[in-house]
Amino acid sequence: MQVTLKILRFDPAKDQRPHWQTYQVEAEPTDRVLDLLHKVKWEQDGTLAFRRSCGHGICGSDAMLINGRNRLACKTLVKDLGKVITVEPIRGLPVEKDLIVDMEPFFAAYRAVKPFLINEEPPPQRERLQSPEERERFDHGTKCILCASCTTSCPVFWVNGTYLGPAAIVQAHRFIFDSRDRGKRERFKALGSGSGVWRCRTAYNCTEACPREIPVTQLIEEVKREILFDRF
Ligand code: SF4
Ligand code: FES
């Protein structure tokens, strides 16, 4: 089948503003959008710039706006989209070229919540033990691949780029609810600040956008409650 691929292009070296460019591509219904982007780049227009690495929904590098929704290009099939497919960069981050955005603000928020185990207590002889139920408590967050689909679908993030955003809060949740961790108050400094969880308006865009089916909004609410109850 012939597919019309409309891609929002922007080259800061020569363009004043982004513009749409249309390509006709031969595709199978089971092709992924990533396959179509490769066809364009390898067979029609080598100047097209986009990110991808694993090609299998693991690295999180090819999140883009496909037919108006944040998705991973390597997990989105042509048969689920129709014969006209629009592709744009994810929103709210500066575009470096075409579908490639500057991820630094996103990772700055990630670093701000200290996404690592904090525990200054002397380590036991062997590992720090944890029950299956305790491990289950933060299971959702361990599935995050830092693709930024949630954060860049959030209207609060579009309006206020200083908001930590859903992905950083998911990462914070992963450690706050880890029974081995002792660092939640350190994380609360960023999470409870004016750029933290209270900016969330519970729009649910993040949960809809997540390709890993993480209940992002629920995790944000759990972090909010943890900050509130920590005062008592
Ligand atoms: S929570 Fe989901 S959408 Fe957000 S960065 Fe992680 S995997 Fe991507
Ligand atoms: S290329 Fe790695 S998640 Fe799509």
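Trainee: Why is Ala148 called buried?

Mentor: In this predicted model, Ala148 has a relative accessible area of 1%. Buried means under 20%, so Ala148 counts as buried.

Trainee: Where is Ala148, and what is the sign of its phi?

Mentor: Ala148 sits in the loop between helix H4 (139-142) and helix H5 (155-159). Its phi is near 75 degrees, a positive value in a residue other than glycine. Most residues other than glycine have a negative phi.

Trainee: What makes Lys114 partly exposed?

Mentor: Lys114 has 29% relative accessibility. Partly exposed is the range between the buried limit of 20% and the exposed limit of 50%, so Lys114 falls into that class. Lys114 also has a positive phi, near 55 degrees, and lies in the loop between helix H2 (104-112) and helix H3 (132-136).

Trainee: Why is Trp198 called partly exposed?

Mentor: The value for Trp198 is 33% relative accessibility. Because partly exposed lies between 20% and 50%, Trp198 belongs there. Trp198 is in the loop between helix H7 (184-191) and helix H8 (205-209).

Trainee: What does Trp198 form together with Leu228 and Phe229?

Mentor: Trp198, Leu228 and Phe229 make a nonpolar surface patch of about 300 Å². A patch residue needs over 30% relative accessible area, and Trp198, at 33%, passes that cut-off.

Trainee: Which residues touch the most other members of the largest nonpolar core?

Mentor: Leu5, Leu37, Ile85 and Leu191 do, in a core of 62 residues. Helix H6 (residues 166-176) gives the most to this core, with six residues.

Trainee: Which residues is Leu191 in contact with, beyond its neighbours within four places in sequence?

Mentor: The partners of Leu191 are Val113, Leu164, Ile169, Ala172, Ile176, Gly196, Val197, Val223 and Ile227. Each is called a contact because heavy atoms come within 4.5 Å.

Trainee: What makes the pair Thr217 and Thr207 a polar contact?

Mentor: The two side chains meet at 2.6 Å. The limit for the N or O atoms is 3.5 Å, so the pair qualifies. Thr217 is in helix H9 (residues 216-230).

Trainee: Is Thr217 buried or exposed, and which residues does it touch?

Mentor: At 1% relative accessibility, Thr217 is under the 20% limit and therefore buried. Thr217 touches Thr202, Tyr204, Cys206 and Thr207, not counting residues up to four places away in sequence.

Trainee: What does the side chain of Asp35 reach?

Mentor: The side chain of Asp35, a residue of helix H1 (residues 33-44), reaches the backbone nitrogen of Arg32 at 2.8 Å. That value is within the 3.5 Å limit for a polar contact.

Trainee: How do you know that Asp45 and Arg9 form a salt bridge?

Mentor: The N to O distance between the side chains is 3.1 Å. The cut-off is 4 Å, so the pair counts as a salt bridge. This pair links distant parts of the chain: Asp45 is in the loop between H1 and strand S3 (63-66), Arg9 in strand S1 (residues 2-9), and they are 36 residues apart. Both residues are buried.

Trainee: How many salt bridges does the structure hold?

Mentor: It holds 19. Side chains of opposite charge can pair when their charged atoms come close.

Trainee: Why is Asp178 called buried, and what does its side chain pair with?

Mentor: Asp178 has 2% relative accessibility, which is under 20%, so buried is the class. Asp178 lies in the loop between H6 and H7. Its side chain meets that of Arg174 in a salt bridge at 3.0 Å, N to O, and a polar contact of 2.7 Å joins the side chains of Asp178 and Arg180. Arg174 is buried as well. Not counting residues up to four places away in sequence, Asp178 touches Leu117, Gln130 and Phe138.

Trainee: What makes Glu226 and Lys184 a salt bridge?

Mentor: Their side chains meet at 2.8 Å, N to O, and the limit is 4 Å, so the pair qualifies. It links distant parts of the chain, with Glu226 in helix H9 and Lys184 in helix H7, 42 residues apart. Glu226, at 21%, is partly exposed, and so is Lys184, at 23%. Both values are over the 20% below which a residue would be buried.

Trainee: Which residues do salt bridges with shared partners join into one network?

Mentor: Arg9, Asp45, Lys97 and Asp98.

Methods. Residues numbered from 1 in each chain as written. Chains lettered and ligands numbered in written order. Predicted model: local features only at pLDDT ≥ 70, side-chain atom pairs only at ≥ 80, totals over all residues. Heavy atoms only, no water. Core = buried A, V, L, I, M, F, W, Y, C linked by side-chain atoms within 4.5 Å. Buried < 20%, exposed > 50% of the residue type's maximum accessible area, 1.4 Å probe, protein only. Helix = DSSP H or I, 4+ residues; strand = E, 2+ residues; numbered from the N terminus. Patch = residues over 30% accessible without salt bridge, like charges linked within 9 Å, V, L, I, M, F, W, Y side chains within 5 Å. Areas by Shrake-Rupley, 256 points an atom, 1.4 Å probe, with all protein chains shown as cover. Polar contact = N/O pair within 3.5 Å; in protein donor to acceptor, adjacent residues only side chain to side chain.
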